[in-house]
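Hello,

Here is the structure I promised to pass on to you. Have a look at it first, and then read my notes below.

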Amino acid sequence: MEKMNNAFEKMKMLVGMEVEDEHQQPAIEEDGNSFSFMDDFNRQCTLTTKQRLYGFAICLVSGLTCTLLSILVFFHPIKFGITFTFGNLLALGSTAFLIGPKRQVSMMLDPVRIYATAIYLASMIIALFCAFYVRNKLLTLLAIMLEFGALIWYSLSYFPFARSMVSKIMVSCFDTEF
């Protein structure tokens, strides 16, 4: 019964519900290990459902606004790269409000999407590097194109069989004989 209560408390923490007072302090589990950093972080940063929805909506709307406003500065690739990437970061962070940062990271590092996540995050870093340090418009534009492709591939990883379907469509489009 104790293990079931502990599991229930951990599930409450993952979704941001309040845990009972006696379990507020980081405790030692039965096997002698203390809670991990993310468990402690989730325990200290609990939000109500209403707060999570507000945080999600604000981050998502801000991210989409930045992404759409980046179109206004499309002919200035450095400004475009910064606003587009910042919009992507805000939109990506918005889901952490809904499911929590620990679950967000664990979903991103899931074996099904680990490569898509790595390519997506690396493309954001490359785009910001090209915009801030290299200051080359062509390289920044190429990095943004890579980032956009990685964003699509990463997003498709959340839909069952979407990546394989898109791969088959792309192969069939380029495999036609003339």
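Which exposed residues does the face of α3 turned away from its buried side carry? They are Lys50, Tyr54, Ile58, Val61 and Leu68. Before you go further, please keep in mind that this is a predicted model.

**The whole protein**

The protein has eight helices and zero strands, so if you read its elements from the N terminus on, you get α-α-α-α-α-α-α-α. Of its 178 residues, 28% count as buried.

**Helix α3**

Now back to α3, which covers residues 49-69. At 1.5 Å a residue, its 21 residues should span 30 Å, and the C-alpha atoms at its ends are indeed 30 Å apart, so the two values agree.

The buried residues of this helix are Arg52, Gly55, Cys59, Gly63 and Thr67. If you look down the axis of α3, these buried residues fall within an arc of 85 degrees, which means that they line one face of the helix. A general rule helps here: an α-helix has 3.6 residues a turn, so residues three or four places apart point the same way.

**The second largest pocket**

Next, try to find the second largest pocket, which holds about 250 Å³ of space. It is lined by 18 residues, and those closest to its centre are Ala91, Leu92, Thr95, Leu151 and Tyr154. The elements that give two or more residues to this lining are α3, α4 (77-99), α5 (101-108) and α7 (137-156). Helix α4 provides the largest share, with eight residues.

What classes of residue make up the lining of this pocket? Eleven are nonpolar and seven are polar, while none are charged.

**The salt bridge**

Finally, the structure holds one salt bridge. Side chains of opposite charge can pair when their charged atoms come close. Here the partners are arginine 113 and aspartate 110, and their closest N and O atoms are 3.9 Å apart.

Are these two partners buried or exposed? Arginine 113 has a relative accessibility of 9%, and because buried means under 20%, arginine 113 counts as buried. Aspartate 110 has a relative accessible area of 29%, so aspartate 110 is partly exposed.

Enjoy exploring, and write back with any questions!

Best wishes

Conventions: Residues numbered from 1 in each chain as written. Predicted model: local features only at pLDDT ≥ 70, side-chain atom pairs only at ≥ 80, totals over all residues. Heavy atoms only, no water. Helix = DSSP H or I, 4+ residues; strand = E, 2+ residues; numbered from the N terminus. Expected span 1.5 Å × (residues − 1). Buried < 20%, exposed > 50% of the residue type's maximum accessible area, 1.4 Å probe, protein only. Arc of directions from axis to C-beta. 1 Å grid on protein atoms, 1.4 Å probe; cavity = no way out; pocket = protein on both sides within 12 Å on 5 of 7 lines; lining within 4 Å. Points joined across faces, edges and corners; volume = space filled by probe spheres on them. Nonpolar A, V, L, I, M, F, W, Y, C, P; charged D, E, K, R; others polar. Salt bridge = Lys/Arg side-chain N within 4 Å of Asp/Glu carboxyl O.
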